[in-house]
Amino acid sequence: MMNGRERLIADAMLAALLLLAPAFLLHSDSRFAGSLAGFVLGASAAALMILLLAYPITKYSTRLKALVTRCVSMPTLLAFHAYAGIVAAFLAQLHTGHKLQSPLGIALLTSMLIVVVTGFVGRYYLPQTAAQLRQQQSQLATLRSAYERSAAAMSSPDRDQRDGGGTNALALQDVPLLQLVDGISDLETAIGSSEAVKAIFMQWIGLHILAAIVMYALLAVHVATEVYYGLRWLA
C-alpha cells in the first residue's frame, strides 16, 4: 500500500490531469495539433502509451516475466506503468491544443482519461480501501469482545457484592458498556460504507481493460489517419 507521500503525489497528479481536461474553455488552438510541437507531444504520448503495455505483457507471460525481473522488479514496472500513463495523458491533452472538434479525438481523449482514472483506482485507492476495511473489522472484533466480557461481568451472580449494590456503582458500570455499544454501532456503519466503496472499486479492472482496448484501437485509427492525410508541419 502506498505511503503518505505517494498518496499526495497520486492525488495531485490525478487532480491536475482532471483540471487540465476542461482547459479548452479558456484556450484553444485548432492548428496546434498539426504543428511540429503538437506532433512531438502527440508522438511522445503515443510512445508512452505503447510502453504501458510492458507491464501487462510481462505480468501474464511467464518466460518474459522471468527475463524482465532479472533487471526490473514487477513493483518498479507497475510504478512506471502508473506514472507513464499519467504523463502520456498530460502530453496527449497538450497535443490537442485544447481544440476538441473531432469525434475521434474526443473519443480517444475520453477513453484515455477513463484508463488513467481506473488505473489510479486500482493502483492506489483500492488497496487503501481494503486496508482500511481490514482495520475497521479488527477494531470491531475487539470492541465486540470487550462488550461481551463487560456484559458477562455485569450479569454474574457476585456483581452486587462486588459493586456494593449502590446506584452510583451501577451507573459507572453502565457507562463503558454504552460507549462500547456506540463504538460498535459507529464501526458497523463505517464498515458498511467501506464495503460499498470497495464493491464499486472492484469494478475497476473490467472498465480499465475495456477502456484500454478502446483507447488503443482509437489510437491506431488516429495515427493511421494522420499518416494517410499527411502531417501539416511537413508541408
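Helix H5 runs for 22 residues and covers 31 Å from its first C-alpha to its last, close to the 32 Å you'd expect at 1.5 Å a residue. Bear in mind that this is a predicted model. The protein chain it belongs to has nine helices and zero strands, so the pattern along the sequence simply reads α-α-α-α-α-α-α-α-α.

**The chain as a whole**
- Of the 235 residues in the protein chain, 31% are buried.
- Take the contacts between residues at least 6 apart in sequence: 83% of them join residues at least 24 apart.
- The accessible surface adds up to about 14,400 Å², and carbon and sulfur atoms account for 66% of that.

**Around helix H5**
- Just past the end of H5 sits Gly 97, which takes a positive phi of about 65°.
- Thr 76 is one of the residues in H5. With a relative accessible area of 45%, Thr 76 falls between the 20% limit for buried and the 50% limit for exposed, so it counts as partly exposed.
- Thr 76 and Tyr 55 are 21 residues apart along the chain, and their C-alpha atoms are separated by 9.7 Å.

**Helix H9**
- H9 takes in residues 204-229, which makes 26 residues. At 1.5 Å a residue they should span 38 Å, and the end C-alpha atoms are 37 Å apart, so the two values agree.
- Several H9 residues are buried: His 208, Ala 211, Ala 212, Met 215, Leu 218, Leu 219 and His 222.
- Met 215 is worth a look for its contacts. Leaving aside residues up to four places away in sequence, Met 215 touches Met 49, Leu 108, Ser 111, Met 112 and Val 115.

**The nonpolar cores**
- The largest nonpolar core has 29 residues, and the ones touching the most other members are Met 49, Met 112, Phe 120, Tyr 125 and Met 215.
- Which helices each supply at least two residues of this core? They are H1 (4-20), H2 (36-51), H5 (74-95), H6 (103-154) and H9.
- H6 gives the largest share of this core, with 10 residues.
- Apart from this core lies another one, made of five residues, including Leu 133, Ile 184, Leu 187 and Ile 191.

**Arg 123 in helix H6**
- Arg 123 lies in H6. Its relative accessible area is 23%, above the 20% limit for buried but short of 50%, so Arg 123 is partly exposed.
- Not counting residues up to four places away in sequence, Arg 123 touches Leu 78, Ala 79 and Ala 82.
- How far apart are Arg 123 and His 81 in sequence and in space? They are 42 residues apart in sequence, and 9.8 Å apart from C-alpha to C-alpha.

**A nonpolar patch on the surface**
- Leu 36, Phe 39 and Val 40 make up a nonpolar patch on the surface, and together they have about 240 Å² of accessible area.
- Phe 39, one of the three residues in that patch, belongs to helix H2.
- Is Phe 39 partly exposed or buried? Its relative accessibility is 32%, and buried would need under 20%, so Phe 39 counts as partly exposed.

Conventions. Residues numbered from 1 in each chain as written. Predicted model: local features only at pLDDT ≥ 70, side-chain atom pairs only at ≥ 80, totals over all residues. Heavy atoms only, no water. Helix = DSSP H or I, 4+ residues; strand = E, 2+ residues; numbered from the N terminus. Expected span 1.5 Å × (residues − 1). Buried < 20%, exposed > 50% of the residue type's maximum accessible area, 1.4 Å probe, protein only. Core = buried A, V, L, I, M, F, W, Y, C linked by side-chain atoms within 4.5 Å. Contact = heavy atoms within 4.5 Å. Patch = residues over 30% accessible without salt bridge, like charges linked within 9 Å, V, L, I, M, F, W, Y side chains within 5 Å. Areas by Shrake-Rupley, 256 points an atom, 1.4 Å probe, with all protein chains shown as cover. Salt bridge = Lys/Arg side-chain N within 4 Å of Asp/Glu carboxyl O.
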